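I opened this model to keep a short record of what I looked up, entry by entry. The notes follow the order in which I took the questions.

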Amino acid sequence: MSPEVISAPAPVDLSKSDRAHSRARAARKRKAVVALARVLLLLAVLGLWEALSRAKVIDPFNFSMPSKIWDQIYTWVTHGTALGSLGEQIWVTLHEALLGWVIGVVAGVLFGIALGRVAFLADVLGPYIKVLNSIPRIVLAPIFVIWFGLGPSSKVASAVVLVFFPVFFNAFQGAREVDRNLVANARILGATNRRVTLQVVIPSATSWIFTSLHVSFGFALIGAIVGEYIGATQGIGLLVAQSQGTFNAAGVYAAMVILAVVALVAEGLLTYAERRIFRWKPSDSGH
């Protein structure tokens with residue numbers, strides 16, 4: 001009986017493992033340093049603003065100061081606003097912005113993919129879209145108030161026209177940038193135009209579309225706020241208008257802070273959704 005031969009375990013490349021751990025530690029350290037630098041920068045700006053206002057180097061009546069802005073937010077949170085509770089005003093603006101954003105995104109994606117896939121449509125409608133895109137869309141808000149009244153419809157319409165064009169152009173470019181080899185291979189395998197669009201073009205253009213979503217939600221908020229500022233019965237934009245009308249600079253800044261928080265939360269949710277959808281994409285370790 002031959003003696004049993006015991007094979008030695010395969011050597012483990014510890015250097016690669018060590019390098020991976022070192023890169024992970026360096027990435028975590030960099031994120032912590034960046035977060036700390038952001039906080040320190042914000043505190044420095046707020047502290048300088050407060051000090052200059054108290055020293056009357058800058059006019060506290062016109063520029064207010066962080067402590068008064070905080071007091072205004074606290075008052076709105078605890079005692080409500082002249083229009084009702086602060087949460088209700090935030091929800092009104094957010095509802096208008098979300099509805100306009102969804103409509104603008106859906107319309108932008110559909111038109112962008114359609115014109116990107118059908119050259120005839122692009123040739124016919126292209127000049128009209130360029131003309132419409134050249135119009136300052138903020139100036140349409142008063143027209144929408146005249147058309148749809150002081151209710152949410154005019155704010156939704158303002159949000160839609162601001163969201164549509166960035167989404168449309170990204171979807172259009174994404175449809176045009178699809179790998180021609182993928183389309184050719186799908187056709188060789190017997191795919192119809194509909195299946196090519198649904199299974200090749202749209203997935204390939206998804207990253208382009210998501211890029212526009214980050215910017216477009218901010219545009220939706222702008223559209224809702226501008227519409228409320230011009231004419232409304234509720235909303236953060238009306239709070240801004242009322243604060244301006246009473247020369248309450250702290251109220252104007254407080255409303256801006258609230259909007260910034262809403263926009264940051266929305267941006268975080270979009271980033272999370274994008275990472276979940278594009279988990280297959282390699283991450284950039286440098287960021």
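**Entry 1: confidence and overall make-up**

I began with confidence, since this is a predicted model, and found that within the protein the mean is lowest in helix H8 (residues 180-188), at 63, and highest in H3, at 91. For the protein as a whole I noted an average pLDDT of 81, with 82% of the residues scoring at least 70.

I then turned to the secondary structure and recorded 11 helices and zero strands, which along the sequence reads as α-α-α-α-α-α-α-α-α-α-α. Of the 287 residues in the protein, 34% are buried. I also looked up how contacts are spread along the sequence: among those between residues at least 6 apart, 74% join residues at least 24 apart.

**Entry 2: the end of helix H1**

How many salt bridges does a search of the whole structure find? I found one, and it is formed by the side chains of Arg54 and Glu50, with an N to O distance of 2.7 Å. Both residues belong to helix H1 and are four residues apart, which means that they are separated by about one helical turn. As a general point, side chains of opposite charge can pair when their charged atoms come close. The two partners differ in exposure, as I noted from their relative accessible areas: Arg54 is exposed at 58%, whereas Glu50, at 14%, counts as buried.

I stayed in H1, which spans residues 14-54, to look at Ser53. Is Ser53 buried or exposed? Its relative accessible area is 0%, so I entered Ser53 as buried. Leaving out neighbours within four places in sequence, I listed Ile58, Pro60, Ser64 and Met65 as the residues in contact with Ser53. One of these, Ser64, places its backbone oxygen 2.9 Å from a polar atom of the Ser53 side chain.

**Entry 3: Ser64 and the loop after H2**

That contact led me to Ser64 itself, which lies in the loop between helix H2 (60-63) and H3. With a relative accessible area of 2%, Ser64 is buried. Its phi is near 55 degrees, and I marked this as a positive value in a residue other than glycine.

Past H3 (66-79) I looked at the loop that leads to H4, where Gly80 is located. Gly80 has 19% relative accessibility and, because buried means under 20%, counts as buried. Not counting residues up to four places away in sequence, Gly80 touches Thr75, Ser85 and Leu86.

**Entry 4: H4 against H10**

Leu86 came up again when I examined how H4 and H10 meet. In general, two packed helices are described by the angle between their axes and the distance between the axes. For helix H4 (residues 86-117) and helix H10 (residues 236-245) I recorded axes that come within 7 Å and cross at roughly 115 degrees. Which residues meet here? From H4 I listed Leu86, Gln89, Ile90 and Thr93, and from H10 Ile236, Gly237 and Leu239. By class, this contact of H4 with H10 has four nonpolar, three polar and no charged residues.

On the H10 side I checked burial as well, and found Ile236, Gly237, Leu238, Leu239, Val240 and Ser243 to be buried.

**Entry 5: Phe247, after H10**

I followed the chain onward to Phe247, in the loop between H10 and helix H11 (249-277). Phi of Phe247 is near 55 degrees, again a positive value in a residue other than glycine. Is Phe247 buried or exposed? I entered it as exposed, with a relative accessible area of 61%.

**Entry 6: Ser158 in H7**

My last look-up was Ser158, which is found in helix H7 (residues 152-176). Ser158 is buried, with a relative accessible area of 5%. Which residues is Ser158 in contact with, leaving aside its neighbours within four places in sequence? I noted Ala141, Phe144 and Gly223.

How values were computed:
Residues numbered from 1 in each chain as written. Predicted model: local features only at pLDDT ≥ 70, side-chain atom pairs only at ≥ 80, totals over all residues. Heavy atoms only, no water. Helix = DSSP H or I, 4+ residues; strand = E, 2+ residues; numbered from the N terminus. Buried < 20%, exposed > 50% of the residue type's maximum accessible area, 1.4 Å probe, protein only. Polar contact = N/O pair within 3.5 Å; in protein donor to acceptor, adjacent residues only side chain to side chain. Contact = heavy atoms within 4.5 Å. Axes fitted to C-alpha atoms, helices over the stretch in contact; angles between N-to-C directions. Nonpolar A, V, L, I, M, F, W, Y, C, P; charged D, E, K, R; others polar. Salt bridge = Lys/Arg side-chain N within 4 Å of Asp/Glu carboxyl O. pLDDT = per-residue confidence, 0-100.
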